[in-house]
Amino acid sequence: MWYQQTLTLGEKSRGFHLVTDEIVGELRRLKDVQIGLLHLLLQHTSASLTLNENCDPTVRSDMEHHFLRQVPENAPYQHNYEGVDDMPAHIKSSLLGTSLVLPVSRGRLVLGSWQGIWLGEHRIHGGSRQIVATLQGE
């Protein structure tokens, strides 16, 4: 079985957001897959997807502070047409990536006890974000 749909995540503030439930809630055919894979592709160059801590929100806050220090907005970037946060957002997106491949078993994602899907919103005003979700399995 192959199934594909585009998911829309609502607008989020800059930072890291736990979006596992939002994604799973929109996947209409996930429950039909007994064994397979879910591929998620974020269709944006100024945000990211990553798998990390799903319990303690201070991890997401610490991650945001780390990236603000490591990829500063006040560096002398040439690309600044869309504001001072645009080029740093592209760098963060490339560092973390925009896709995930996750195992599926018995209609559920197979994640570790403390793992969740994060959206890294790297723009001050990023807007809604689209993810192409492709399910493969039986």
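What do the buried residues of H3 pack against? They pack against S4 and H2, and the close-ups below visit that helix along with the sheet and a pocket. This is a predicted model, in which local features need pLDDT of at least 70, side-chain atom pairs count only at pLDDT 80 or more, and totals for chains, interfaces and linings use all residues. Residues are numbered from 1 along each chain as its sequence is written, and side-chain values use heavy atoms, with hydrogens and water left out.

**View 1. Helix H3 and its buried residues.** Helices (H or I, at least four residues) and strands (E, at least two) are DSSP runs, numbered from the N terminus. The buried residues of H3 are Asp86, Pro88, Ala89, His90, Lys92 and Ser93; here buried means under 20% relative accessible area, exposed over 50%, and partly exposed in between (1.4 Å probe, protein chains only). Leu95 also lies in H3, but counts as exposed because its relative accessibility is 57%. Even so, Leu95 touches Phe67 and Val71, leaving aside residues up to four places away in sequence; contact means heavy atoms within 4.5 Å. Leu95 and Ser48 are 47 residues apart in sequence, with 8.7 Å between their C-alpha atoms. After H3 comes Gly97, with a positive phi near 95°.

**View 2. Helix H2 and its two faces.** H2 covers residues 57–70, 14 residues in total, and reaches 20 Å from its first C-alpha to its last, close to the 20 Å expected at 1.5 Å a residue. That expected span is 1.5 Å times one less than the number of residues. Buried in H2 are Arg60, Met63, Glu64 and Phe67. Seen down the axis of H2, these buried residues fall within an arc of 100°, so they line one face of the helix; the arc is that of the directions from the helix axis to the C-beta atoms. An α-helix has 3.6 residues a turn, so residues three or four places apart point the same way. The face turned away from the buried side of H2 carries the exposed residues Asp62 and Arg69. What covers the buried residues of H2 includes strands S2 (15–18), S4 (47–53) and S7 (115–121), together with helix H3 (86–96).

**View 3. The open sheet.** Five strands, with antiparallel pairing, form an open sheet in the order S1-S8-S3-S5-S6. S1 and S6 stand at the edges, each with a single partner strand, so one side of each is left without a neighbour in the sheet. Two strands count as paired if DSSP finds at least two bridges between them. S8 (residues 129–137) is mostly covered, with 7 of its 9 residues buried.

**View 4. Strand S1 beside S8.** S1 (residues 2–9) pairs with S8 in the antiparallel sense over 8 bridges. Tyr3 has Leu135 of S8 as its bridge partner, and Leu7 has Ile131 of S8. The side chains alternate along S1: Tyr3, Gln5, Leu7 and Leu9 point to one face and are buried, while Trp2, Gln4, Thr6 and Thr8 point to the other and are not.

**View 5. Strand S3 between S8 and S5.** S3 (residues 35–42) and S8 are antiparallel and share 7 bridges, and 7 bridges also join S3 to S5, again antiparallel. Leu38 stands opposite Leu135 in S8, and has Leu102 as its bridge partner in S5. Leu40 stands opposite Ala133 in S8. Alternation appears along S3 as well: Gly36, Leu38, Leu40 and Leu42 point to one face and are buried, whereas Ile35, Leu37, His39 and Leu41 point to the other and are not.

**View 6. The largest pocket.** About 150 Å³ of space lies in the largest pocket. On a 1 Å grid over the protein atoms alone, a pocket is an open set of points where a 1.4 Å probe fits, with protein on both sides within 12 Å along at least five of seven lines, and lining residues have an atom within 4 Å of a point. Grid points are joined across faces, edges and corners, and the volume is the space filled by probe spheres set on them. The lining consists of Thr20, Asp21, Val24, Leu30, Gly107, Arg108, Leu109 and Leu111. Helix H1 (20–26) and strand S6 (108–109) are the elements that give two or more residues to this lining, and H1 gives the most, with 3 residues.
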